[in-house]
Amino acid sequence: MRFEINPDNCVACLACVRACRAEAIGVNGTEIEIVEKACIRCGACVPVCPHDAVDVQGDLGRAVEMAESGAAILILSVEAEVFFHPFAPEQLVNACYSAGFAVVYRGIVGDELVAAGYQELWRRGGWGTMIRSTCPVVVESIRREYPELLPYLAELKTPVQAEAAYVREKHGQGVRIVYSGACLTEGGAAIDAAITLEELQGLLNSRGVDVGAESAFFTRIPEERRRHLSTAGGLPLPVLEAERHASRRFR
């Protein structure tokens, strides 16, 4: 993912310069540019620009190519279901299959793996203060600007990186992985293409897929089934009335 200044829209108001946490935006007279090597890809410059002059260059073309191959794996962020509301999660997963993805994961495996990692670190003791490493922007900022805090930084992967490692272990190291979510920096080098949820919508449209026209039930057994009961409205009332909270029926 890259951030670039569109000179046709930029009026050199310097709003992006003031918002940049990494001081990665250079000013040369009336010309503004983002210094690629210094940019930590936090995206803080995008919403503050009043002229829509900051363009985000993602991996949409590569993601479309991988979807067309019929062999790529898609990891959705947990925000995907909110973005595509009011369509059901099952419709979104079905749509991604219809677009050509061979396997669709829904972002929960990485969360579980990282949560277990933090529990293990905390059990070891001796931390006192721990800085979570689940945000790549925070990690990069500490490494560049606050190296004295490195001893407090938890050396764990982000949830997306952890899930990508799990996927490769299960499906093969050579499998190609697309991630779609709200923060494109989370996957890093662990994934092959990162696209925004808006770009995923565009990818589905380009493949002639209408999420709303998909079945409200899974058309194939999902690869990852831990969340398939967590749908809008929850479990049916008779089921909730028949089962205790500690029931193992649905685990």
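In this predicted model, helix α6 (residues 108-124) packs against helix α8 (residues 159-171) at an angle of about 105°, and the two axes lie 7 Å apart. Angles of 65 to 115 degrees count as roughly perpendicular, so α6 falls into that class relative to α8. As usual for such a pair, two packed helices are described by the angle between their axes and the distance between the axes. On the α6 side, the residues that take part are I108, V109, G110, D111, L113 and V114. Their partners on α8 are P159, A162, E163 and Y166. Sorted by class, the residues of this contact come out as seven nonpolar, one polar and two charged.

Next come the open spaces. The largest pocket holds about 340 Å³ of space. Its lining is made up of 20 residues, and those nearest the centre are P136, V139, E140, R143 and Q161. Helix α7 (residues 136-145) gives the most to this lining, supplying six residues. As for chemistry, the lining of the largest pocket is a mix of nine nonpolar, five polar and six charged residues.

Then there are the closed spaces. Three cavities of 30 Å³ or more turn up in the model. The largest cavity has a volume of about 110 Å³, and 15 residues line it. Nearest to its centre sit C20, C39, C42, G43 and C45. Its lining divides into 12 nonpolar residues, one polar and two charged; the cysteines are on the nonpolar side of that tally because Cys counts as nonpolar here, while Gly counts as polar.

The second largest cavity comes in at about 80 Å³. It is lined by 13 residues, with C10, C13, C16, C49 and A53 lying nearest its centre. This lining has 12 nonpolar residues and one polar residue, with no charged ones.

Two spots in the backbone also deserve a look. Most residues other than glycine have a negative phi, and most peptide bonds are trans. A12, however, has a positive phi, near 60°, and is not a glycine. This alanine, A12, is placed in the loop between β1 (2-5) and α1 (15-19). The other spot is the peptide bond from H85 to P86, which is cis, with omega near 15°. P86 belongs to the loop that runs between α4 (80-83) and α5 (89-98).

Finally, a word on confidence. Averaged over the protein, the pLDDT is 85, and 88% of the residues score at least 70. Strand β5 (residues 73-76) has the highest confidence, at 95, whereas helix α10 (residues 237-242) has the lowest, with a mean of 66. Over residues 228-232, the pLDDT drops below 50. That stretch, residues 228-232, has six contacts in the model beyond near neighbours in sequence.

Notes:
Residues are numbered from 1 along each chain as its sequence is written. This is a predicted model: local features need pLDDT of at least 70, side-chain atom pairs count only at pLDDT 80 or more; totals for chains, interfaces and linings use all residues. Side-chain values use heavy atoms; hydrogens and water are left out. On a 1 Å grid over the protein atoms alone, a cavity is a set of points where a 1.4 Å probe fits but cannot get out, and a pocket is an open set with protein on both sides within 12 Å along at least five of seven lines; lining residues have an atom within 4 Å of a point. Grid points are joined across faces, edges and corners, and a volume is the space filled by probe spheres set on the points. Helices (H or I, at least four residues) and strands (E, at least two) are DSSP runs, numbered from the N terminus. pLDDT is the predictor's confidence in each residue, from 0 to 100. Contact means heavy atoms within 4.5 Å. Axes are lines fitted to C-alpha atoms, for helices over the stretch in contact, and angles run from 0 to 180 degrees between N-to-C directions. Angles under 35 degrees count as roughly parallel, over 145 as roughly antiparallel, 65 to 115 as roughly perpendicular and the rest as oblique.
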